[in-house]
Amino acid sequence: ARRMKVASEQIREMAEAAKNHAPHCIIIDEVSKEEEFAEILRMKDQGVQVITSCSSLQTVSRVMDEKLF
C-alpha cells in the first residue's frame, strides 16, 4: 500500500498514481470534476479498481449514469 498526498490538482495525482505505481485499487476522496470522472474511466479501462466518495446529489447521479460499475 502506498499513500499519495494531494496538494492541489487531484486529477494529476490520480493519473500519476495509475501510470507510475501500477495499483490494483485506488481510493479517492471526493470526486466532483468532469476531468476526474474521465480519469476514473481511463483507470477502470486499465483494470484499476477505484473507490471514491461523492457528496453532492448531482455527482452521485453522474457516477450512476456512467460505466463505472
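The expected span of a helix is 1.5 Å times one less than its number of residues. I kept that rule at hand for α2, in what is a predicted model.

**Entry 1: helix α2, length**
I looked up α2, which covers residues 34-45 and has twelve residues. From its first C-alpha to its last it reaches 17 Å, close to the 16 Å expected at 1.5 Å a residue. Just after α2 I found Gly47 with a positive phi of about 90°.

**Entry 2: the chain as a whole**
I then stepped back to the overall layout. The chain has three helices and two strands, and I read their order from the N terminus as α-β-α-β-α. Of the 69 residues, 25% are buried. I noted an accessible surface of about 5,200 Å², with 50% of it belonging to carbon and sulfur atoms. For contacts between residues at least 6 apart in sequence, I noted that 46% join residues at least 24 apart.

**Entry 3: which residues of α2 are buried?**
I listed Glu36, Phe37, Glu39, Ile40 and Met43. They cover an arc of only 160° around the axis, so they sit on the same side of α2.

Two of the names on that list are glutamates, Glu36 and Glu39, and I checked each of them. Glu36 has a relative accessible area of 5% and counts as buried because the cut-off is under 20%. Leaving out neighbours within four places in sequence, Glu36 is in contact with Gln10, Ile11, Met14, Glu30 and Val31. Glu39 is also buried, at a relative accessible area of 9%. With residues up to four places away not counted, Glu39 touches Ile11, Met14 and Ala15.

**Entry 4: helix α1**
I did the same for α1, residues 10-20. Its buried residues are Gln10, Glu13, Met14, Ala17 and Ala18. Seen down the axis they fall within an arc of 130°, so they line one face of the helix. Lys19 and Asn20, on the other side of α1, are exposed.

What do the buried residues of α1 pack against? I found β1 and α2. After α1 comes Ala22, where I read a positive phi near 45°.

**Entry 5: strand β1**
I picked Ile26, which lies in β1, residues 25-28. Is Ile26 buried or exposed? Ile26 is buried, with a relative accessible area of 10%. Not counting residues up to four places away in sequence, Ile26 touches Met14, Ala17, Ala18, Met43, Val48, Gln49, Val50 and Ile51. For the pair Ile26 and Met43 I noted 17 residues of separation in sequence and 9.1 Å in space, C-alpha to C-alpha.

I also looked at Ile28. Its contacts, with neighbours within four places in sequence left aside, are Gln10, Met14, Ile40, Met43, Val50, Ile51, Thr52 and Ser53.

**Entry 6: the nonpolar core**
In soluble globular proteins, nonpolar side chains tend to be buried together. I therefore looked for the largest nonpolar core, a set of buried residues joined through side-chain atoms within 4.5 Å. It has ten residues: Met14, Ala17, Ala18, Ile26, Ile28, Val31, Phe37, Ile40, Met43 and Val48. The elements that give two or more residues to this core are α1, β1 and α2.

I closed by going back over the pair from β1. Both Ile26 and Ile28 are members of the core. Met14 and Met43 are among the contacts of Ile26, and they are also among those of Ile28.

Terms used:
Residues are numbered from 1 along each chain as its sequence is written. This is a predicted model: local features need pLDDT of at least 70, side-chain atom pairs count only at pLDDT 80 or more; totals for chains, interfaces and linings use all residues. Side-chain values use heavy atoms; hydrogens and water are left out. Helices (H or I, at least four residues) and strands (E, at least two) are DSSP runs, numbered from the N terminus. Buried means under 20% relative accessible area, exposed over 50%, partly exposed in between (1.4 Å probe, protein chains only). Contact means heavy atoms within 4.5 Å. Accessible areas come from the Shrake-Rupley method with a 1.4 Å probe; for residues, only the protein chains shown count as cover. The arc is that of the directions from the helix axis to the C-beta atoms.
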